[in-house]
Amino acid sequence: MSSEHTKLIIGIDDTDSREGMCTTYLCALLRDDLSSFVQVISEPILVRLNPTIPYKTRGNASVALFLECRDSQKVIDLVIDTVASMACLDGENTNPGVVFVIEEQFGNVKNKLSSFFRRAVKDVITIDEAKELSSELDLKFRAFKNGRGLIGALSACGAMLDPDWDHTYEYLAYREKEVWGTKREVEELSLFEADRQTYPDTWDTVDHVNNITVCVPHSGDPVLYGIRGKDISSVEKAASFVISEPVERMCIYRTNQGTDMHLIHVSGISEIKEMHSYILEGEVFSEPATIRGGHTIFSLKDSAGNLIDCAAFEPTKNFRELVRKLIPGDRIVVYGSVTENTLNIEKIKLLELVKAYEIRNPLCPSCGKRMKSAGSGQGYRCKKCGTRSEFTENKELKRDVLPGFYEVPPCARRHLAKQLLRFENDDLPIYPGR
Ligand code: ATP
C-alpha cells in the first residue's frame with residue numbers, strides 16, 4: 001500500500017455475556033468486514049489474561065487486529081458502531097472497551113502497553129489505571145458502561161506491539177447465527193481422527209484418558225470448535241479432518257494459550273497473594289483427603305514452615321488419583337492459581353518421594369506370634385510367652401508413583417496452562433495427562 005496509508009492496531013474486550021456472543025467472534029467478523037477496504041497485516045491476537053478475575057465471562061480473553069488502511073477514522077467509526085450494536089450491553093458484567101493505536105504512536109507506547117499486557121496476565125488492574133494509561137498515551141478509545149473492557153483492550157494492543165512472548169495458535173470455527181444456542185453438530189470420531197493425524201503438533205482436541213472431546217464448547221456462544229496447536233499449518237491440517245454442521249466463518253489467532261505466562265515463581269508462601277498464579281516448591285504436609293464434591297486437598301509446607309492448601313478439584317478427574325498417592329514428606333513443585341487461600345493445581349512435579357511404611361505390631365522373637373499392645377506408650381507384649389518389645393515392625397511399601405512432571409487431563413486444562421508436551425529438556429520424566 002502507498003505511503004498515505006497508515007497502520008492501525010485495534011484492541012477489543014468484554015463484549016459478551018453468558019447468554020451469547022464472544023469477543024473473538026466480533027473480531028473475526030470485523031476482520032472479514034474490514035478486509036474489503038483495508039489490508040489485514042497479521043493474524044489477529046487472542047490473549048488470555050489473569051484467569052482468576054471474577055468478572056470474566058469464561059476464559060478472560062481479549063483480542064487485537066492489526067491493519068493497514070487509507071482512512072483510519074472510517075475504520076474507527078465502523079469498529080465502534082459494530083461493537084455498540086453487537087455487544088451484549090444488557091449483560092450485568094458486560095463493559096466493552098475498544099482501543100486504537102495509530103502507526104505514528106507505536107514507538108512511544110510500545111513499552112508501556114507491553115508491560116501493561118504482561119501485568120494483566122499475572123496481576124489485578126483497576127479500571128482507573130486503564131483509563132489513566134489511555135489518556136497518558138493519548139490513545140483513541142471508547143469505553144462502554146464502566147469501561148472495564150479497556151483493561152483487556154489495552155493489553156491486547158500491548159501484545160500486538162510486543163513480539164517477544166511465547167505463543168501458540170488457535171483455529172476457531174464459528175456457527176451460523178440461526179443455530180446459536182442449539183446443540184452443536186460435530187462428529188466426535190472426526191475430532192479423534194484430527195488428533196491422531198496431527199498430535200503432538202496440535203493438542204487438547206480430545207481427551208483420551210477420559211474418552212471425550214474437549215475442543216467443542218457447550219455454552220450458547222458462536223464458537224463451533226477450537227483447534228490448538230504449535231503453528232498455523234498444524235491447526236489448519238487438524239481442522240481439515242473435522243466433520244461438522246456448516247461453518248459460518250473461521251479465524252486463526254496467535255495466542256498466549258498454553259504458555260504458563262500467568263505463573264509467578266515464588267520461594268515461599270509468604271509471597272503469595274489471592275488472585276495470582278504461582279510455581280511453588282514445598283513438602284507435602286498432610287495426607288491428601290477427598291472431600292464432598294470429590295475434590296482432593298492436602299497442605300503443602302514451604303522451607304519457612306508456612307502452609308497452604310493445594311487442591312485437585314473434581315473436574316481434574318484421574319489427576320486426583322495421582323494426588324492421592326502423595327504422602328507427607330514428599331518434595332514437590334505445584335503450579336496453579338490461588339483463590340480463597342487454596343492453590344488450584346494445574347501441574348505438579350514430584351521431585352523426591354519419601355519411603356512409605358506399613359506399621360504393624362512386632363512378631364514375638366521367642367515364639368513367633370504377633371504381639372499385642374501393652375497399653376499406651378508401653379510397647380508390646382506377647383500374650384503366649386510374655387516377651388516384651390518396644391519396637392514396631394515397619395514394612396516398606398512399594399510407592400505406586402514415580403518422580404516426574406504430571407499435568408491435569410485436557411478436559412480440565414486452563415487456557416494459559418502450558419501442556420507438558422511443550423516442555424523441552426526437563427530434568428524429570430514427563431507424564432502427559434492425555
Ligand atoms: P470470553 O472468554 O467469552 O471472551 P471473557 O471470559 O473474556 O469472555 P470478559 O467478558 O472479557 O470475559 O470479562 C473480563 C473482564 O476483566 C474484562 O473487562 C477485562 O478487561 C477485565 N480484566 C482482564 N484482565 C484483568 C486484570 N488482570 N485485572 C482486572 N481486570 C481484568
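Helices (H or I, at least four residues) and strands (E, at least two) are DSSP runs, numbered from the N terminus. The model is predicted, so local features need pLDDT of at least 70 and side-chain atom pairs count only at pLDDT 80 or more, while totals for chains, interfaces and linings use all residues. Residues are numbered from 1 along each chain as its sequence is written, and side-chain values use heavy atoms, with hydrogens and water left out.

The secondary structure of the chain comes to eight helices and 26 strands. Along its principal axes, the C-alpha trace spans about 105 × 50 × 40 Å. Of the 434 residues, 53% count as buried. Buried means under 20% relative accessible area, exposed over 50%, and partly exposed in between (1.4 Å probe, protein chains only).

The ligand comes next. It has 23 residues around it. A residue is near a molecule or strand if one of its heavy atoms lies within 4 Å of it. Asp14, Asp16, Arg58, Asn60 and Ala61 come nearest. The shell divides into eight nonpolar, seven polar and eight charged residues. Here Ala, Val, Leu, Ile, Met, Phe, Trp, Tyr, Cys and Pro count as nonpolar, Asp, Glu, Lys and Arg as charged, and the others, Gly among them, as polar. Helix α5 (residues 149–161) gives the most to this shell, with three residues.

Three pairs of atoms link protein and ligand at short range. A polar side-chain atom of Asp13 lies 2.8 Å from an oxygen atom of the ligand. A polar backbone atom of Ala120 is 2.9 Å from a ligand nitrogen atom. For Gly149, a backbone N or O atom lies 3.4 Å from a ligand oxygen atom. The protein covers 99% of the 640 Å² of accessible area that the ligand has on its own. Accessible areas come from the Shrake-Rupley method with a 1.4 Å probe; for residues, only the protein chains shown count as cover.

Asp14 lies in the loop between β1 (6–13) and α1 (23–34). Asp14 is buried, with a relative accessible area of 10%. Its phi is positive, about 65°, although Asp14 is not a glycine. Asn425 also has a positive phi, of about 55°, and is not a glycine. Asn425 sits in the loop between β25 and β26. Asn425 is exposed, at 77% relative accessible area.

Ala120 belongs to the buried residues of helix α3, which also include Phe106, Val109 and Leu113. The 17 residues of α3 (residues 106–122) should span 24 Å at 1.5 Å a residue, and the end C-alpha atoms are 24 Å apart, which agrees. The expected span is 1.5 Å times one less than the number of residues. A kink of about 25° in α3 is centred on Lys112. The bend at a residue is the angle between axes fitted to the seven residues ending there and the seven starting there.

Arg413 is placed in the loop between β25 (404–407) and β26 (430–431). Arg413 counts as buried, at 16% relative accessibility. A polar contact of 3.1 Å joins its side chain to that of Glu407. The side chain of Arg413 also reaches the backbone oxygen of Val408 at 3.1 Å. A polar contact is a pair of N or O atoms within 3.5 Å; within protein, one must be able to donate a hydrogen and the other to accept it, and residues adjacent in sequence count only if both atoms are side-chain atoms.
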